[in-house]
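Subject: Handing over a structure, with notes

Dear colleague,

I am passing the structure below on to you, and my notes on what was found in it follow underneath. Please read them with the structure open beside you.

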Amino acid sequence: MLHPLQRKIVALRRRGRMADAVRGLCIVVAAVLFAIVALGAIDYLVRIQDRGVRIIFSLSALGVLGWTSYRFLGKCLFARPREVDLAGAVERTFPELRNRLVSAVQFLREADDDPTAGSAALRRAVIEGVETDARSLDFTAVLDRRRPLRAAALLAAACLLAGVPIALAPTTAQTALVRIGNPLGHQQWPRTTHLEIRRPVEPPAIESVSIRLIPPAYTGLPAANAERHIRALRGTRVQISAKADRPLAAASLCLENGTKIPVEIGDDGRILNIGDDGVPFVVEKSGSYWFELTDREGLRSEGDRWEIQAVADEPPTVVIERPTADLIVTPEATAPIRVAAKDDLAVARIELVYRLDESKPERRLTLSDSDSRTVDYRWDLAPLALRPGMKVQFFATADDYLPQSGKSDPRRLIVVSADELLARLAGRVKLIAVELRRALDMQRGCRKRVEALRSSLAESQRLQRTDLDRLQAAEHAQREVDLLLSGGGESLPMHVRALLTDMDNNRVENPLLHGQMASLLDELGRLERQRLPAIGRELAAAVKSARIDLEGQGGRRRVADSLAVAVENQNAVIAALELWIDRLTRSDESGGFILQLGLLLLDQQSAVRRTAAIGRRTLARRPSDLPPQDAAELAAAAAEQLELAQRTDRLLQEYVGQVDNLSYLDESRCRAVAAAMRAAAERIRLNQVGLAVAAQKRIVRDLREILERAVRGGQTESSTGDRAVEIEDDRNGKPTDSHEKPGRPGDQPGSTTERNKPHEKPDMERTRARMMRLWGELPPHVREQMLQSPVEDFPPKYELMIEEYFRRLAGGSEGRGERGERKGRREERREKREERGGKDD
């Protein structure tokens, strides 16, 4: 049961809500009456015929009703003032309560046994005191009785205002109420007032328009319909068919630039045609257009204006995506070209424009004559007959159907010789070896960190915060190793792929190097798929377990297990890197020397033939008596021989004595060959051609023996084929090069002592296999030169090897009888050549 104080406050709240409800209802009714009277008066004076405006009037009346109901009725009906707020209002009206009524009301809402509310006796005393003082007070004095009275007066004024027209013109008032209540009805105002607005005479206008756009013929685009706002390509013809709302006497189409296009008017005077047979309407530039109409009564009008947006046909853009920069190639290379073209309509043709020399005209190579946006093309450079040192500038062009042409940024092909290309490839191999060493050092550093963490775990009983930091540092360092071995950008796989691409583009048929790089790429891929992800997973698991252990949940054993697995995989990565570094190092040392020595032998054989040819014209003449052309050729032959001597010196300086794998070579004999080359050059200069040719033949023979020695002595090179032969020899119980017994002092390669060794057959097999690989490593133009050289320039042993090589290529199509005939002819030519050489000497 409520306390007397609470009952008085509840009665006060009920009286206040009732007063607010009466006030709000009066205001709502008054506002609606005022709105209806105002809207009806406007409708009466204007005589509105448009139903849309009448709907707006009705919605306005409903809006006034809804807003006033929410504002003045909703808040008072749904608001519920708190007892404390009402008690505060009573205290402000009756100051004698001295702020005790609010406290009493709050105390009444609390339980007597509430320990947090203070003394129960004191609270009862306060409540009783306030109740005694409030018995004689009327709480309803708090309410403002003037507010409902003012609202009632406002309602009376509104009823009086609405009653006047009802009393004076009840029919008119009824019509106004019906039109506001039903805006879609057919209730009309009586047509008796002079204020009726007559409908004006409208000017002629366009009822409907049909527009058809015909693009330029070169685009190949079909005609299409368009809206009144035209967006079309420049040069587009526009056909317009329109219909007027009345018969017309004249019409024209006006453009913003002042042009007026006559319009063909149909027989009925309402159908308008533009661009069919008369003056064409062609889109040239952006602007606006409109119709100028004149009806048969002479009334003239300018209709609505519509926009024209003329779109320009931009020229195509073309970009050479590959190569991204100047490309270094050999004369026989194949350059990969990728061209991307873009056009707002279509690409008609893509061409490659190049110039071999500034003084020569441009040449064009059609890459695509269809609507291809990206073209991949392999440009065969062999038919261009390029020479080392040339720079071929090229760019791409793209044409559209207008026609317009776009041009790309230029690129250059820098033509180098096979020797220069081999040097660049060797440099790339060295770079790959350097990167492998860097990856090896980084991986060893990561393993060292992980091993240190394992030792720390073994010595301590629990993990420390510093151990977690060191573990995270090791994980970060391992990610750096992963990026180097398997990431993009400047990673090792990228360098290897670039090397293989250069070899393929330049047609370098080097099966040994290509296979080696392909195997390295496979090995890096295997590490990327297996070992490196395993290391990353285990280190991440170790970090997670270390955090768990630091939280006291136990994870030290899992950390140790993860680190052990990580170290195992790191050891595998290190072993693989060490193996490949050793392979690349040894292959680079011995293989480079053998290839360079083979090229030197080929050039020396060419020099012998050239010198012999010159000697036939200069025999028995003094140098001063020679014709200028012969003297110049003789000097060029001498310079060529001297340049070969200098190449030999550079080769010896670079390899012999500097590379451990070539320690078996006789440096003094190599130096003697270089000296003999210089002596031969001097004899050529003095026109002692017979002696010079004999000396050159001895040089060729010595170079053959040195090359043979290098090939046979290079068995320690880590090529797969050599190792396979050595393993096979071990299995069969045959001795390898490492088991050879040294010959007597003074024995030379090819001597009787060597030829009588019991294991000559496996040595010859390995020599033949190695020379077959070296033959494939030589550039194409060098092999072509060797094929064109006389067969007798090769010793019998090499003749058999090359013969066997070509026999295998031909699939064994030649019979033994034919080979016997060829061998007989070779022996006959060799005997004749030796007889001629003796006569020259």
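**A salt bridge between two strands**

Arg 349 has a relative accessible area of 32% and is therefore partly exposed. Its side chain meets that of Asp 399 in a salt bridge, with N and O 3.0 Å apart. Because Asp 399 lies in strand β19 (residues 391-399) and Arg 349 in strand β16 (residues 349-355), the pair ties together parts that are 50 residues apart in sequence. Asp 399, for its part, counts as buried, since its relative accessibility is 12%. Before you go further, please keep in mind that this is a predicted model, and that the values in these notes were computed from it.

**The chain as a whole**

The protein chain holds 21 helices and 21 strands, and of its 841 residues 41% are buried. Among the contacts in the chain with a separation of 6 or more, 72% are between residues 24 or more positions apart. The surface that the chain exposes comes to about 46,100 Å², of which carbon and sulfur atoms supply 53%.

**Other salt bridges**

In total, the structure holds 31 salt bridges. One of them joins Arg 444 to Glu 578, where the closest N and O atoms are 2.5 Å apart. This pair links distant parts of the chain, with Arg 444 in helix α8 and Glu 578 in helix α12, 134 residues apart. Both partners count as partly exposed, Arg 444 at 34% relative accessibility and Glu 578 at 35%. Salt bridges that share partners also join Arg 349, Glu 351, Arg 364 and Asp 399 into one network, so the pair described at the start, Asp 399 and Arg 349, belongs to that network.

A further salt bridge is formed by Glu 362 and Arg 355, whose closest N and O atoms are 3.3 Å apart. Here Glu 362 is partly exposed at 40% relative accessibility, and Arg 355 is partly exposed as well, with a relative accessible area of 25%.

**Nonpolar cores**

Which residues of the largest nonpolar core touch the most other members? This core has 49 residues, and those in question are Ile 432, Leu 436, Leu 485, Met 517, Leu 520 and Leu 563. Helices α8 (418-459), α9 (465-486), α10 (492-505), α11 (511-550) and α12 (556-618) each supply at least two residues of the core, and the largest share, 12 residues, comes from α8. To follow one of these members in the structure, you could select Leu 563, which, leaving aside residues up to four places away in sequence, touches Val 450, Leu 453, Arg 454, Leu 457, Leu 471, Leu 539 and Ala 542. There is also a second, separate core of 31 residues, which includes Leu 597, Leu 600, Ala 637 and Tyr 655.

**Buried helix, exposed patch**

Helix α3 (residues 83-93) is largely enclosed by the rest of the structure, because eight of its 11 residues are buried. The buried residues in α3 are Glu 83, Val 84, Leu 86, Ala 87, Gly 88, Ala 89, Val 90 and Glu 91.

Elsewhere, Thr 175, which is found in helix α7 (residues 170-181), is buried with a relative accessible area of 7%. If residues up to four places away in sequence are not counted, Thr 175 touches Gln 187, Gln 188 and Trp 189.

On the surface, Ile 55, Leu 59, Leu 62, Leu 65 and Leu 184 make a nonpolar patch of about 450 Å². Of these residues, Ile 55 lies in helix α2 (residues 51-78), and with 31% relative accessibility Ile 55 counts as partly exposed.

**Cysteines**

How many disulfides does the structure contain, if a disulfide is a pair of cysteine sulfur atoms within 2.5 Å? By this rule the count is zero. For Cys 159, the closest cysteine sulfur is that of Cys 26, and the distance of 9.1 Å is too far for a bond. Cys 159 is partly exposed, with a relative accessible area of 41%, whereas Cys 446 is buried, with a relative accessible area of 2%.

With kind regards

Technical notes. Residues are numbered from 1 along each chain as its sequence is written. This is a predicted model: local features need pLDDT of at least 70, side-chain atom pairs count only at pLDDT 80 or more; totals for chains, interfaces and linings use all residues. Side-chain values use heavy atoms; hydrogens and water are left out. Patches are made of residues with over 30% relative accessible area and no salt bridge: like charges are joined within 9 Å, nonpolar side chains (Val, Leu, Ile, Met, Phe, Trp, Tyr) within 5 Å. Accessible areas come from the Shrake-Rupley method with a 1.4 Å probe; for residues, only the protein chains shown count as cover. A salt bridge is a side-chain nitrogen of Lys or Arg within 4 Å of a carboxyl oxygen of Asp or Glu. Helices (H or I, at least four residues) and strands (E, at least two) are DSSP runs, numbered from the N terminus. Buried means under 20% relative accessible area, exposed over 50%, partly exposed in between (1.4 Å probe, protein chains only). A disulfide is a pair of cysteine sulfur atoms within 2.5 Å. Contact means heavy atoms within 4.5 Å. A nonpolar core is a set of buried Ala, Val, Leu, Ile, Met, Phe, Trp, Tyr and Cys residues joined through side-chain atoms within 4.5 Å.
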